[in-house]
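This report looks at some strands, a helix and the cysteines of a protein chain. Please keep the sequence and the structure in view while reading.

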Amino acid sequence: MLIITIKQGKEKSILAGDPWIYVSAIDKVEGKPQERNKPGATAIVQSSSRQFLARAAYNAKSQIAARVWSLREDEPVDHALIKRRVGAAVARRATALAIADPQELVQVIDGEKDGLPGLLVHSYGGTDGYLICQFNAGGVDMWKVPVVQALLKETGCPNVYKRCDLLLRKGEGLPVAPRALAGDEPPQKLMVREGKRLVPMDIRTGFTYPR
């Protein structure tokens, strides 16, 4: 596992709950070269006095060099953690999902707010519709399999699609390969409710068609 040592004084923001660690805050990164070059590799973050600060996803190719998974030393980053957090996120939005208009895009997971930095998930059409996922950071991209497994279980929706934001994924050193991760791919054009209007949209990309 990688070890990230933070510059003296830079640990304050981490301890205050800031989930992002920038390149400028890092003194050194120790570990095997293949791990250091792997976008999203799990790392231990420690202070300049070698005290544990966090577990984080490290990405040498991003200006946000590390994204915090947990401030708990006894909480490993594994399939179980990812599935717990997906389940908790879905549970928090259960009411919104239950009462949503079938033609509305409803947020299911909101990245750092749900302890899943870089992951955005929206639902369209309820349990008979689609889940649109954006893996906008190396860490969550490495954990796609348990994310999808948990989404299928917790939402009952069989169709999961990976949407790719070109600039965000390129900035993270990640491949741009949008595709269905489970079930069917959404149609190219669907009607999506925005306030009181229905707008023709490709939910695979977010592109809105001219009316």
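In what sense do strand 2 and strand 6 pair, and over how many bridges? In this predicted model, strand 2 (residues 20-22) runs antiparallel to strand 6 over 3 bridges, and Y22 stands opposite I64 of strand 6. Strand 6 also pairs in the antiparallel sense with strand 5 (residues 52-58), over 4 bridges, and here R55 is set opposite S70 in strand 6. Strand 5 leads into strand 6 by way of a hairpin of 5 residues. Because 7 of the 7 residues of strand 6 (residues 64-70) are buried, this strand is largely enclosed by the rest of the structure.

Helix 6 (residues 144-155) has 12 residues, for which a rise of 1.5 Å a residue predicts a span of 16 Å, and this agrees with its end C-alpha atoms, which lie 16 Å apart. Its buried residues are K144, P146, V147, V148, A150, L151 and T155. After helix 6 comes G156, with a positive phi near 80 degrees.

The cysteines form 0 disulfides. The sulfur of C133 has its closest cysteine sulfur in C157, too far away for a bond, since a disulfide needs the two sulfur atoms within 2.5 Å. C164 likewise takes part in no disulfide, and the nearest cysteine sulfur to that of C164 belongs to C133. Both distances are listed below, and as to accessibility, C133 counts as buried at 0%, while C164 counts as buried at 17%.

| Cysteine | Nearest cysteine sulfur | Distance |
|---|---|---|
| C133 | C157 | 9.5 Å |
| C164 | C133 | 11 Å |

Terms used:
Residues are numbered from 1 along each chain as its sequence is written. This is a predicted model: local features need pLDDT of at least 70, side-chain atom pairs count only at pLDDT 80 or more; totals for chains, interfaces and linings use all residues. Side-chain values use heavy atoms; hydrogens and water are left out. Buried means under 20% relative accessible area, exposed over 50%, partly exposed in between (1.4 Å probe, protein chains only). Helices (H or I, at least four residues) and strands (E, at least two) are DSSP runs, numbered from the N terminus. The expected span of a helix is 1.5 Å times one less than its number of residues. Two strands pair if DSSP finds at least two bridges between them.
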